[in-house]
Amino acid sequence: MKRDMDLVRNLLLEIEDGRRAFELMTPEIAEILGENGTGKMPRDQAELIEYHLALLDEAGLITIQAKLSGAVWQIGQITWAGHDFLDTIRDPAIWRETKAGAKQAGGFSIDLLKALAKGLIKKKIEQHTGVELDL
């Protein structure tokens, strides 16, 4: 499965906005649990979100409090590193420029994306204030 950095960003923004649980119940899990599977999340979508939540946890950007019934992921919190990363990529214009720069480079990691976004933010601050920052 490929890492989707847009999904990473969106999940972090949702968690920051207060989302504390992700219900990833598929029709298959609902059937096993004896629940109605109507309106449940398609398996591939549930697996994609689950994968990315696990990546966020593994990268130290969030903490996972619990995984319940194989279908609900409870989020503990965004970590300090998660907040730092989110603060660098929050602005949609900065995010677009960051992704474009990473694409031109031919690859990227979270650290590279954060560094690119920081550079763009630094440039923006310097343009608006005339103050050069040493970040």
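In this predicted model, the cover over the buried residues of helix H4 includes H1, S3, H5 and H6. Those buried residues are Gly82, Phe85, Leu86, Thr88 and Ile89. They span an arc of only 160° around the axis, which means that they sit on the same side of H4.

## The nonpolar core

Helix H4, residues 80–89, also gives two or more residues to the largest nonpolar core. This core has 30 residues, and the members that touch the most other members are Leu12, Phe22, Leu24, Leu53, Leu56, Ile62 and Phe85. Besides H4, the elements that supply two or more residues to the core are helix H1 (5–16), helix H3 (43–58), strand S2 (62–68), strand S3 (72–78), helix H5 (92–105) and helix H6 (110–129). The largest share, seven residues, comes from H1.

What does leucine 12 touch, leaving aside residues up to four places away in sequence? Leucine 12 is in contact with Leu56, Leu61, Ile62, Ile78, Phe85 and Leu86. Two of these, Phe85 and Leu86, are among the buried residues of H4.

## The sheet

The strands of a sheet pair through backbone hydrogen bonds, in either a parallel or an antiparallel way. Here, three strands make an open sheet with the order S1-S3-S2, and the pairing is antiparallel. Strand S1 (21–23) and S2 are the edge strands with a single partner strand each, so one side of each has no neighbour in the sheet. On average, neighbouring strands of this sheet are turned by 20° against each other, direction ignored.

Strand S3 pairs with S1 over three bridges, and S3 pairs with S2 over six bridges. Tryptophan 73 in S3 appears in both pairings: phenylalanine 22 has tryptophan 73 as its bridge partner, and lysine 67 stands opposite tryptophan 73. Elsewhere, threonine 63 is found opposite glutamine 77 in S3.

Helix H1 lies across S1, S2 and S3, and runs at about 75° to S3.

## Salt bridges

How many salt bridges does the structure hold? There are six. Three of them are listed here with the separation between N and O atoms.

| Basic residue | Acidic residue | N to O separation |
|---|---|---|
| Lysine 99 | Aspartate 6 | 2.8 Å |
| Arginine 43 | Glutamate 47 | 2.9 Å |
| Lysine 124 | Aspartate 91 | 3.9 Å |

The side chains of lysine 99 and aspartate 6 meet in a salt bridge of 2.8 Å, N to O. Lysine 99 belongs to helix H5 and aspartate 6 to helix H1, so this pair ties together parts that lie 93 residues apart in sequence. Are these side chains buried, partly exposed or exposed? Buried means under 20% relative accessible area and exposed means over 50%, with partly exposed in between. Lysine 99 has a relative accessibility of 31% and therefore counts as partly exposed. Aspartate 6 also counts as partly exposed, because its relative accessibility is 31%.

The salt bridge between arginine 43 and glutamate 47 lies within one element: both residues are in helix H3, four residues apart, which is about one turn of the helix. Glutamate 47 counts as partly exposed at 34% relative accessibility.

The third pair in the table, lysine 124 and aspartate 91, has its closest approach at 3.9 Å, N to O. Lysine 124 lies in helix H6 and aspartate 91 in the loop between H4 and H5, so the pair ties together parts 33 residues apart in sequence. Lysine 124 has a relative accessible area of 33% and is partly exposed. Aspartate 91 is partly exposed too, with 30%. In addition, Glu16, Asp87 and Arg90 are joined into one network by salt bridges that share partners.

## A loop residue

Where does glycine 34 lie? Glycine 34 is in the loop between helix H2 (27–32) and H3. Its relative accessibility is 66%, so glycine 34 counts as exposed. Glycine 34 and alanine 71 are separated by 37 residues in sequence and by 13 Å in space, C-alpha to C-alpha.

Notes. Residues numbered from 1 in each chain as written. Predicted model: local features only at pLDDT ≥ 70, side-chain atom pairs only at ≥ 80, totals over all residues. Heavy atoms only, no water. Core = buried A, V, L, I, M, F, W, Y, C linked by side-chain atoms within 4.5 Å. Buried < 20%, exposed > 50% of the residue type's maximum accessible area, 1.4 Å probe, protein only. Contact = heavy atoms within 4.5 Å. Salt bridge = Lys/Arg side-chain N within 4 Å of Asp/Glu carboxyl O. Pairing = 2+ DSSP bridges. Axes fitted to C-alpha atoms, helices over the stretch in contact; angles between N-to-C directions. Arc of directions from axis to C-beta.
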